[in-house]
Each structure stands twice: as C-alpha cells, then as structure tokens.
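Good morning, everyone, and thank you for making the time. I would like to walk you slowly through one structure, beginning with the ligand and then moving outwards to the protein as a whole.

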Amino acid sequence: MNTVTKTFARAALVLSIAAPAMAEEFRLGLITPPSHIWTQAAEDFGTELAEASDGAHSVTVFPARQLGNEAEMLQQLQTGALDMAFMTLAEVSNRVPDFGALYAPYLADDVAHAGRILRSDTATGMLDQLPAKVGVVGVGYGMGGLRQIVSRGEVDSAEDLAGLKLRITPFDPILDFYNALGAAPTPMPLPDVYDALANGQVDAIDMDAELIWKLKYYELADTVVLSNHMMFPMVGLVSGRVWAELSEDDRALIDELMGKSLDGTIDTYVEAESEWLDQIRATDTPTVEVGADFFGDAIEKWTAIWSEKSSSLEDLRAVAQETAEE
Ligand code: BEZ
C-alpha cells in the first residue's frame, strides 16, 4: 500500500477506533463485458477474497455498465453507494489531470515497457492523490494494452486522419492528441462503438488490439493503423467511505488480493498483445505499421499542453528511460 493510502487508512482508523472485522458483501462495477479480461480479474479477486476470509466477505461483480458509466460509478464510489470498481484511468484523469501524463504518446516503447512503467514507484505513487482529491482509494493499476486506430477509409499518412470523425474514449489527453492531429475526436463509450463504426456515425476509432480482434472491428474497416501510440491503464478503486469502515486486517487483505488481480491483467496483456496483433495482420483488412514520426508535430503539441497540466510528466519520462530495454 502506498504512503498516502496508508495515511488515509490510519486517519480513518483513528476515527473509527479500530473497526472490528465484519462480514461484507461488496459490489464491484465495471463497464467491460463479462468475458473481458478486466471483468475476469474482478471475478478472480472476488473468489480469492471469499476464500481468504473463510466466506466472511463476498464480491458481486456488475459488468457491462449495469451500475452506470464510469463517471457515474466514480460518483457512487464517492458517496459510498458503490464499494469498488475496476475502471479506465481515463475517467480518473478527468478528475485529476496529473494522471494525463500516463497517456503521453509513445511514453512506452511496447506493451511490456508499459507494464514496467505502471509498476514503477513513480506511477503507483500518483495514486496517493486519490483519497484527498476524489475520495477513493487507488489500490493499483491494471492494463488494457496499447492503442491503435481502425478506419473505414484508407490511411497512408496522418493527413488522411484530418477531419475524420474519430471515436475516442471520453477523456482529455486523447482528445488533445487527435485535436492536435486535425481529426474531429468524438467521445463515445465502449458499448456504443461497434454500431457507430458500422453505420458510419464515426469514420474511425481509437481502440486496443484485443478488442479490434475479439469484437471484430477490423471487419468494418479499410485500414487498421498499428501505431501503439498510447498506453491504456486501468485502475482498481475502493470507495474512501467504505475503506474507512474496514478493519486494518480487511484493508490489508483487499489491498493484497485486489492488487494481485489488477497486476495479473498486466501480465495477460504483455503475453497476449503480440498474438492479437498478428491475428489482425492476418485478416483481409490492410494494416499499416507506424511509429511516432507518423504523427508529425501532434506529439509536440500534446506535450506542450500536458507538461502544464501534469506535474508528473517529467518524472514518468525519466522512469520510461530507466525502464526501456537497451
Ligand atoms: C475503450 O474505451 O476503448 C475501452 C474501455 C474499457 C476497456 C477497453 C477499451
């Protein structure tokens, strides 16, 4: 557990005068479908928590936006109406812009490097801000691979993206990136993406390799741009109000077991990402492989904005350098 989380826990402990361990039925929300890696990790956490607490605690997982979108779930966590959530860091970065630094284009060279950055003390230390700023405890990071672009039209250069209605996850760092490219970024939650691409409501989408492959977005496209331009962290959250009422032993157990499940998603993406990319390459949809040069001065423009908004950008770049492969 990180320092601020510990401090928060200690303060809560004093207030609650060492809350005794009580049986709890926790509710954990996600926007991802039941079969998704994040949802499976949440289920695994619930199973392990029930076992480790000899059945005293249980976790009911609510996938697929059953409890609302991520903004709504974050609000529920703040009031204590929801106990836990696994969600994109995107929503958290809308509340705490410092997290925008983790979306620096090409901060990570590849998915394994993204994992090393997320596991660094610098990245995990950023979670210390959450109790005070958002009223939630950030237990740890998971991951959703690196971002790619799927387009209904041919894409040979970044100019081909200019003016395109391009679906993005609703958060500012990605909005600024595509604005800098001259595209028309269109915020849209995950469940709406397939139909929007199929019916031409959007011309292109920003997406990860796993879902491009598994949800068959490539079938709707003329080009898949394999760019790996950004990482896509996930975060495991516990309501600050709920956390304050837990005993110290329960907090330690949840911290350990949820942390393990979250971290396991990083291993899963590191292992499987290259296979998904190969499967996409093997489809009939043309792929183009691009790097940072493809995006011209958009990355510089992004950096100019986010070095003002996030004080962690420089430190994360230092971590990225330290953890890059020789
Ligand atoms: C997305 O918004 O693209 C997304 C959200 C959650 C999991 C994976 C992708």
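When I say that a residue surrounds the ligand, I mean that one of its heavy atoms lies within 4 Å of it. Please keep in mind throughout that this is a predicted model.

With that in mind, the residues around the ligand are Ile31, Thr32, Trp38, Thr88, Arg147, Arg167, Thr169, Leu190, Met207, Asp208, Leu211 and Phe232. Sorted by class, this shell has six nonpolar, three polar and three charged residues.

Let me turn to some individual contacts, each of which involves an oxygen atom of the ligand and a side chain. For arginine 147, a polar side-chain atom lies 2.9 Å from a ligand oxygen, and for arginine 167 the corresponding distance is 2.8 Å. In the side chain of threonine 169, an N or O atom is 2.7 Å from an oxygen atom of the ligand. Taken alone, the ligand exposes 260 Å², and the protein buries 99% of that. The space that the ligand takes is the largest pocket.

Where, then, does the ligand lie with respect to the domains? The protein is divided into domain 1, covering 4-144 + 231-277, and domain 2, covering 148-230 + 283-309. Both domains give residues to the shell around the ligand, so the ligand lies between them. The C-alpha centres of domain 1 and domain 2 are 27 Å apart, and 20 residues of domain 1 are in contact with 29 residues of domain 2.

Note on methods:
Residues are numbered from 1 along each chain as its sequence is written. This is a predicted model: local features need pLDDT of at least 70, side-chain atom pairs count only at pLDDT 80 or more; totals for chains, interfaces and linings use all residues. Side-chain values use heavy atoms; hydrogens and water are left out. A polar contact is a pair of N or O atoms within 3.5 Å; within protein, one must be able to donate a hydrogen and the other to accept it, and residues adjacent in sequence count only if both atoms are side-chain atoms. Accessible areas come from the Shrake-Rupley method with a 1.4 Å probe; for residues, only the protein chains shown count as cover. On a 1 Å grid over the protein atoms alone, a cavity is a set of points where a 1.4 Å probe fits but cannot get out, and a pocket is an open set with protein on both sides within 12 Å along at least five of seven lines; lining residues have an atom within 4 Å of a point. A molecule sits in a cavity or pocket if more than half of its atoms lie within 2 Å of its grid points. Ala, Val, Leu, Ile, Met, Phe, Trp, Tyr, Cys and Pro count as nonpolar, Asp, Glu, Lys and Arg as charged, and the others, Gly among them, as polar. Domain bounds come from an automatic or database domain assignment. Contact means heavy atoms within 4.5 Å.
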